[in-house]
Amino acid sequence: MDSFPKQLTELQREFLTAFFALDSRFCLIGGGALTYYLPERRARDLDLVAPADVVLSDQVATLRQVARSIGAQLCFPERSADLLRCSV
């Protein structure tokens, strides 16, 4: 987990490490990405984007697998063809 900034929470670092081990097509953007460049920055959430050919609905199983692997649970308050919002 040392590859992610210390400004991210332990849960955020664990989630990203496990997620990117399974699917490296996504990119971290937003506040989470800014923690690499702004040491005082904290990220409340993680924003991930993927190429247009990634079917987000197919990622639900991957996200659940990641959550299980770190001892967390997921809920999906918002889902559409181009947005998959989940809470860990």
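These legends describe close-up views of a predicted model.

**View 1. Helix α1 and its buried residues.**
Helix α1 runs over residues 10-22. How far apart should the ends of its 13 residues be? At 1.5 Å a residue, the expected span is 18 Å. The end C-alpha atoms of α1 are 19 Å apart, which agrees. Several residues of this helix are buried: Q12, R13, F15, L16, A18 and F19. An α-helix has 3.6 residues a turn, so residues three or four places apart point the same way. What covers the buried residues of α1? The cover includes strand β1 (27-29), strand β2 (47-49) and helix α3 (60-69).

**View 2. Q12 in helix α1.**
Q12 lies in helix α1. Is Q12 buried or exposed? Its relative accessible area is 9%. Buried means under 20%, so Q12 counts as buried. Leaving out residues up to four places away in sequence, Q12 touches A43, R44, D45 and L46.

**View 3. L63 in helix α3.**
L63 belongs to helix α3. At 7% relative accessibility, L63 counts as buried. Which residues does L63 touch, not counting those up to four places away in sequence? Two of them, F15 and F19, are named here first. Both F15 and F19 are among the buried residues of α1. L63 also touches L74, F76, L84 and C86. Of these, F76 falls in strand β3 (residues 75-79), while L84 and C86 fall in strand β4 (residues 84-87). Now look along the chain from L63 to P51, 12 residues apart. Their C-alpha atoms are separated by 17 Å.

**View 4. T35 in a loop.**
T35 sits in the loop between α2 and β2. Is this loop residue, T35, buried or exposed? T35 is buried, with a relative accessible area of 2%. Leaving aside neighbours within four places in sequence, T35 is in contact with P5, Q7 and L8. T35 also contacts R41, R42 and A43. A43 is one of the residues that Q12 touches as well.

**View 5. Y37 and a nonpolar surface patch.**
Y37 is found in the loop between α2 (30-34) and β2. At 66% relative accessibility, Y37 counts as exposed. The cut-off for exposed is over 50%. Which residues form a nonpolar patch on the surface with Y37? They are L34, Y36 and L38. Together, the four residues of the patch have about 420 Å² of accessible area.

**View 6. D47 in strand β2.**
D47 is part of strand β2. Its relative accessible area is 29%, so D47 is partly exposed. Setting aside neighbours within four places in sequence, D47 is in contact with C27, L28 and I29. G30 and G31 are also in contact with D47. How far is D47 from P5, 42 residues apart along the chain? The C-alpha atoms of D47 and P5 are separated by 15 Å.

**View 7. The salt bridge of D23 and R25.**
Side chains of opposite charge can pair when their charged atoms come close. How many salt bridges does the model hold? The count comes to 2. One joins the side chains of D23 and R25, at 2.7 Å from N to O. D23 counts as buried, at 6% relative accessibility. R25 counts as partly exposed, at 40%.

**View 8. The hairpin of β3 and β4.**
Strands β3 (residues 75-79) and β4 (residues 84-87) pair in the antiparallel sense. Their pairing runs over 3 bridges. How many residues lie between the two strands of this hairpin? There are 4 residues between β3 and β4. C75 stands opposite S87 in β4. Which residue of β4 is the bridge partner of E78? The partner is R85.

**View 9. The salt bridge of E78 and R85.**
E78 and R85 are bridge partners in the hairpin strands, and they also form a salt bridge. How far apart are the closest N and O atoms of E78 and R85? The distance is 3.0 Å. E78 counts as partly exposed, at 36% relative accessibility. R85 counts as partly exposed too, at 43%.

Conventions. Residues are numbered from 1 along each chain as its sequence is written. This is a predicted model: local features need pLDDT of at least 70, side-chain atom pairs count only at pLDDT 80 or more; totals for chains, interfaces and linings use all residues. Side-chain values use heavy atoms; hydrogens and water are left out. Buried means under 20% relative accessible area, exposed over 50%, partly exposed in between (1.4 Å probe, protein chains only). Contact means heavy atoms within 4.5 Å. The expected span of a helix is 1.5 Å times one less than its number of residues. Patches are made of residues with over 30% relative accessible area and no salt bridge: like charges are joined within 9 Å, nonpolar side chains (Val, Leu, Ile, Met, Phe, Trp, Tyr) within 5 Å. Accessible areas come from the Shrake-Rupley method with a 1.4 Å probe; for residues, only the protein chains shown count as cover. Two strands pair if DSSP finds at least two bridges between them.
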